[in-house]
There are 2 protein chains.
Amino acid sequence: MTVLSLPPLDLDAGVGPAEDDSPLRSVSTAVSVLDCFADEAELGATRVAARLGIAKSTACRMLAALATGGLLERTGSGRYRLGLRLFEYGQLAVDRLMLRDVALPAMGELRELLRETIQLGVSVGTDVLYVERAESAAMNVRFRSEHRRNPAHSSSAGRVLAAADPALITAILERGLQRYTPFTVVDPLRYRQILAITREQGYATSREEFEPGWSSIAAPITLTRGGRPHPVAALSVVGPTSRVLGPRKPAVVQGVRRAAARISADLERARG
Amino acid sequence: MTVLSLPPLDLDAGVGPAEDDSPLRSVSTAVSVLDCFADEAELGATRVAARLGIAKSTACRMLAALATGGLLERTGSGRYRLGLRLFEYGQLAVDRLMLRDVALPAMGELRELLRETIQLGVSVGTDVLYVERAESAAMNVRFRSEHRRNPAHSSSAGRVLAAADPALITAILERGLQRYTPFTVVDPLRYRQILAITREQGYATSREEFEPGWSSIAAPITLTRGGRPHPVAALSVVGPTSRVLGPRKPAVVQGVRRAAARISADLERARG
DNA sequence: CCCTGGCGTTCCGGAAGTCGGAACGCGTTG
DNA sequence: CAACGCGTTCCGACTTCCGGAACGCCAGGG
């Protein structure tokens with residue numbers, strides 16, 4: 001079981017119409033076909049072919065091959081859907097991340113301390129993927145898929161991850177700083193300023209930059225690599241702006257930094 | 001959001017050295033490469049090539065292609081590991097199963113009623129994959145990957161799913177009834193008898209047939225298709241034999257059957 | 001009622017991608 | 001220092017895959 005990877009950093013994180021220059025063209029297009037299902041739950045050959053700009057027959061064969069492999073399933077009406085084998089693989093992928101197990105206790109305690117939702121995010125392309133979450137109010141509120149992945153530039157977690165990773169910053173800027181709310185930082189210069197402040201302070205904030213009314217504070221979880229601490233994940237506290245960035249802000253900052261530091265130390269200790 | 005598929009029923013559920021007769025050979029082998037990672041967390045090109053009986057260069061290209069697609073990640077030492085994109089896809093796959101959301105409340109109540117662990121399983125090949133679980137004691141006990149998938153023949157959930165599905169029975173018998181404990185039913189005739197009893201009673205049991213000391217009782221969650229109820233999932237109660245199959249057995253049977261019936265009704269109602 | 005439109009699927013030939021073997025660079029081990 | 005194992009790259013022969021068109025099917029509408 002490994003701790004965590006260096007960020008994969010594929011520059012092409014979007015669901016582009018076609019991947020590109022790599023051997024195994026058919027495998028690449030097969031992955032692109034899978035990507036189509038990130039947006040829509042059910043797709044048929046015609047729509048997949050249109051989205052990827054490939055022949056309908058090709059799309060049909062791809063879908064059939066992925067279905068016999070179990071990565072897709074047929075829905076009664078001849079269309080396809082993501083298969084449960086992906087659930088199995090996905091669970092294996094996170095189970096093998098020591099990070100999650102190490103972070104869970106500290107996340108629970110931080111949730112009790114602050115009474116807010118705590119998130120554990122890692123970098124995937126130019127997005128932040130949350131691999132664990134401790135809900136503030138009721139554990140019954142399920143981890144909604146719509147909120148499992150955020151663009152890195154508009155979240156506090158994305159900022160602590162990008163702050164120490166020049167290549168990631170480049171990728172984020174190349175992709176463009178999309179505006180989600182009136183508060184979203186879309187100016188590259190301002191964004192770099194914020195990252196500099198993040199480096200300096202050791203934590204990052206986001207004030208309603210992705211969803212109106214919701215703000216967050218994040219601190220990096222680091223691992224010593226080559227003698228220097230290197231962020232491998234981000235711990236973030238998210239809640240209504242007044243509860244996170246209001247008078248309680250110092251307490252939130254202190255809490256999330258301490259928890260992140262403790263997780264980092266535990267991670268360091270667990271590293272074999 | 002669909003309710004559930006008809007069972008996928010791939011006959012080749014094993015991690016065979018090579019898939020076979022289908023178009024898109026390279027996609028098939030790519031899926032086989034992924035399958036290799038179900039057993040081992042980290043693999044290199046040489047080992048993958050050996051397991052699949054393909055050339056080392058081919059394995060290397062497959063690994064590289066899957067990694068650029070994000071389905072695999074490189075681990076510092078040149079080997080590969082399942083990628084977090086699989087986690088994302090997998091979560092999407094189960095989120096889109098209306099089944100899980102519908103079943104969750106009833107599962108929680110049944111857990112409170114019986115004070116045992118409740119599982120929600122679906123059929124994947126000749127195995128049962130548990131997509132949700134309500135733990136009896138502490139919710140902190142995480143869903144261990146080792147126990148997320150069971151061979152269908154040795155679990156009560158697998159029996160209620162197979163009982164009404166002749167093709168699945170054939171597949172299970174073709175794969176062979178492997179013995180896990182002294183109690184595992186390995187005789188095909190006896191297995192068919194048990195399935196007949198399951199059909200008759202409307203529920204199935206398993207007495208320490210997979211893990212010594214642990215037994216289970218399962219009832220089918222059905223959906224009317226073509227005028228007849230068709231099992232799409234199984235609800236099972238698992239615990240120490242004395243607590244599940246002892247004097248409390250009638251209560252457990254009644255509880256799981258009622259909960260499964262309620263979920264079936266809710267599912268029928270939710271079906272668009 | 002039949003016809004049209006859209007769907008997923010199949011067939012076929014040309015052509016491009018892919019396979020396996022051997023060679024390379026590199027780290028580790030004896 | 002050499003030998004080994006690893007992941008990777010190169011190359012030619014060939015197998016497989018791509019795209020277009022035709023097929024069967026279902027639903028909707030004239």
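By a nonpolar core I mean a set of buried Ala, Val, Leu, Ile, Met, Phe, Trp, Tyr and Cys residues joined through C-beta atoms within 7 Å. With that in hand, and bearing in mind that what we are looking at is a predicted model, the largest such core here has 145 residues, and those with the most contacts inside it are Leu235 and Val256 of chain A together with Leu235 and Val256 of chain B. If we take Leu235(B) and leave aside its neighbours within four places in sequence, its contacts include Ile118(B), Leu120(B), Ala218(B), Val256(B) and Ile263(B).

Let me turn to how the two chains are related. Chain A superposes on chain B, with an RMSD of 0.1 Å, after a rotation of 180° and 0.0 Å of shift along its axis, which is the relation of a two-fold axis. The same surface serves both copies, in that 98% of the contact residues of chain A recur in chain B.

Next, helix 2 of chain B, residues 45–52, whose buried residues are Ala45(B), Val48(B), Ala49(B), Arg51(B) and Leu52(B). Seen down the helix axis, these fall within an arc of 165°, so they line one face of the helix. They pack against helix 1 and helix 3 of chain B, and the helix is followed by Gly53(B), whose phi is positive, near 70°.

Finally, the DNA. Strand C is surrounded by 22 residues, the closest being Gly44(A), Thr46(A), Ser57(A), Ser57(B) and Thr58(B). Helices 1, 2 and 3 of chain A, along with helices 1 and 3 of chain B, each give two or more residues to this surface, which divides into seven nonpolar, nine polar and six charged residues.

How values were computed:
Residues numbered from 1 in each chain as written. Chains lettered and ligands numbered in written order. Predicted model: local features only at pLDDT ≥ 70, side-chain atom pairs only at ≥ 80, totals over all residues. Buried ≥ 20, exposed ≤ 12 C-beta atoms within 10 Å, placed from the backbone. Helix = DSSP H or I, 4+ residues; strand = E, 2+ residues; numbered from the N terminus. Arc of directions from axis to C-beta. Contact = placed C-beta atoms within 7 Å. Least-squares fit on C-alpha atoms with pLDDT ≥ 70 in both. Near = placed C-beta within 6 Å. Nonpolar A, V, L, I, M, F, W, Y, C, P; charged D, E, K, R; others polar.
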